[in-house]
Structure formats: C-alpha cells, structure tokens
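Reader: Hello! I would enjoy a close look at a single part of this protein, with some of its surroundings for context. Could you walk me through it?

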Amino acid sequence: MNKQVKTRILPLLILSVLFVSSCQKKTQSSVANAIWTVGNIQYTATTIKKQGNAFVASGGLNRMQVYFAVLPVVTANYKIADANKINNSSLAANEVGVIFNVESTDQYLSTGNANDSATVTIQNGVLTIKVLSTPVQHYAGGPALDLNTASGVIKTDKY
C-alpha cells in the first residue's frame, strides 16, 4: 500500500473500532447483596425483593426481612420496634420491624426492648439498610424459646 492509501484507511479503521466498541452491550454488575447474622451464624442472600413496605433478602430457606410503616425516601435512622407491630400494622413512621427466618422453621423477631436502631441510606439509587446487633426472640412453631441477637445489612439497587 502506498502512503496516501494508508493515511486514508487508518482514520477509517480507528473510527470503525470506536463504533463497534461503543455498540457492544456493557454488563453492569448489580450492587444488590445482603448478609446477616443470627447468634454467631452468618447467612447471605441470593435474592433481594421489595414486597409492599418490606425488603426481603433470601438465601435458600433463610431470610432477613425489614418492614417499614412507609418506605423510606431519605437517609435516616429508625428505631427497631417489636416485630409484633408488623402484624398489627402499628409501626410508626420512624420504626422498623425485623424478622429473621432460619431453615424456614425458626423465626427470630425483633423485640423492641433495646434502644437499637437501623440506619437507612439512600444514595445514587442504592438503598442500604443496616441493622446493628439487636435482641431477637426465638420461636420454632410454639412458645418463645431463647433470646438471641441478630444483625444484618441489605443493599439493593432496585430502589
């Protein structure tokens, strides 16, 4: 090839490469994830779903559920309430109820006995719910069993 042809082809080649690379579908990894601990056992989620006024993180037969009276719209701290307020639809606007299910047979319900709080952060379309260690009442299909502690984080980009 002579020099004149090379100087005409080179810019066309560069433009072609740029065009092709800009048309390729870019995969974006989801930031959705969750991890929680009941007692000293840690669990992780494979799915996170918004269900009504709740966010549910699930991994197999294990779940962490955080319920709101009204879905959050700004970053704020929420008092962790007695989980029974969920069934009574009596959560206050500044409260969350937390339930942990283990192996689909055991439930650990937030007691509301401590002055614990959950932090909800909303930034760039990402909702993060952090529940620090809080007392939970253990049930297994009957009367209350032992008290334990639980904590967890749910982070979702589906907000």
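**A close look at strand S1**

Author: Happy to. Tryptophan 36, in strand S1, stands opposite tyrosine 43 in S2. Before going further, please keep in mind that this is a predicted model.

Let us begin with the strand itself. Strand S1 covers residues 33-38. Why might its residues be split between two sides? In a regular strand the side chains alternate between the two faces of the sheet. In S1, the covered face consists of Ala34, Trp36 and Val38, while Asn33, Ile35 and Thr37 make up the uncovered one.

S1 has partners to look at as well. Strand S2 (residues 41-44) runs antiparallel to S1, and four bridges join the two. Together S1 and S2 form a hairpin with two residues between them. Glycine 39 sits in that turn and has a positive phi of about 65°. Strand S11 (residues 147-156) is also antiparallel to S1, and here six bridges make the connection. Tryptophan 36 takes part in this pairing too: its bridge partner in S11 is glycine 152.

Now for the rings. The structure holds three aromatic pairs. In one of them, the rings of tryptophan 36 and tyrosine 43 have centres 6.1 Å apart, and their planes meet at 20°, so the pair is stacked, the cut-off being under 30 degrees. Are these two residues buried or exposed? Tryptophan 36 has 0% relative accessibility and therefore counts as buried. Tyrosine 43 is at 12% and counts as buried as well, because buried means under 20%.

Phenylalanine 68 and tyrosine 78 form an aromatic pair that is edge-to-face, with 5.3 Å from centre to centre and 80° between the planes. Phenylalanine 68 belongs to strand S5 (residues 62-68) and tyrosine 78 to strand S6 (residues 76-80), so this pair ties together parts that are ten residues apart in sequence. Both phenylalanine 68 and tyrosine 78 are buried, and with Phe55 they form one aromatic cluster.

Strand S10 (residues 126-139) offers two more residues to look at, and one of them is threonine 128. With a relative accessible area of 13%, threonine 128 is buried. Leaving aside residues up to four places away in sequence, threonine 128 touches Thr119, Val120, Thr121, Val153, Ile154 and Lys155. Among these, Val153, Ile154 and Lys155 fall in S11, the strand that is bridged to S1.

Tyrosine 139 is also in S10. Its relative accessible area is 26%, so tyrosine 139 is partly exposed. With residues up to four places away again not counted, tyrosine 139 touches Thr105, Asp106, Gln107, Leu109, Ala144 and Leu145. The C-alpha atoms of tyrosine 139 and asparagine 101 are separated by 9.7 Å, and these residues are 38 apart along the chain.

Finally, here is the setting for S1. The protein has two helices and eleven strands, which follow the pattern α-β-β-β-β-β-β-α-β-β-β-β-β along the sequence. Of its 159 residues, 33% are buried. Among contacts with a separation of 6 or more, 53% come from residues 24 or more positions apart. The protein exposes about 9,700 Å², and carbon and sulfur atoms supply 54% of that area.

Definitions and conventions
Residues numbered from 1 in each chain as written. Predicted model: local features only at pLDDT ≥ 70, side-chain atom pairs only at ≥ 80, totals over all residues. Heavy atoms only, no water. Buried < 20%, exposed > 50% of the residue type's maximum accessible area, 1.4 Å probe, protein only. Pairing = 2+ DSSP bridges. Contact = heavy atoms within 4.5 Å. Phe/Tyr/Trp six-rings, centres within 6.5 Å; stacked < 30°, edge-to-face > 60°. Areas by Shrake-Rupley, 256 points an atom, 1.4 Å probe, with all protein chains shown as cover.
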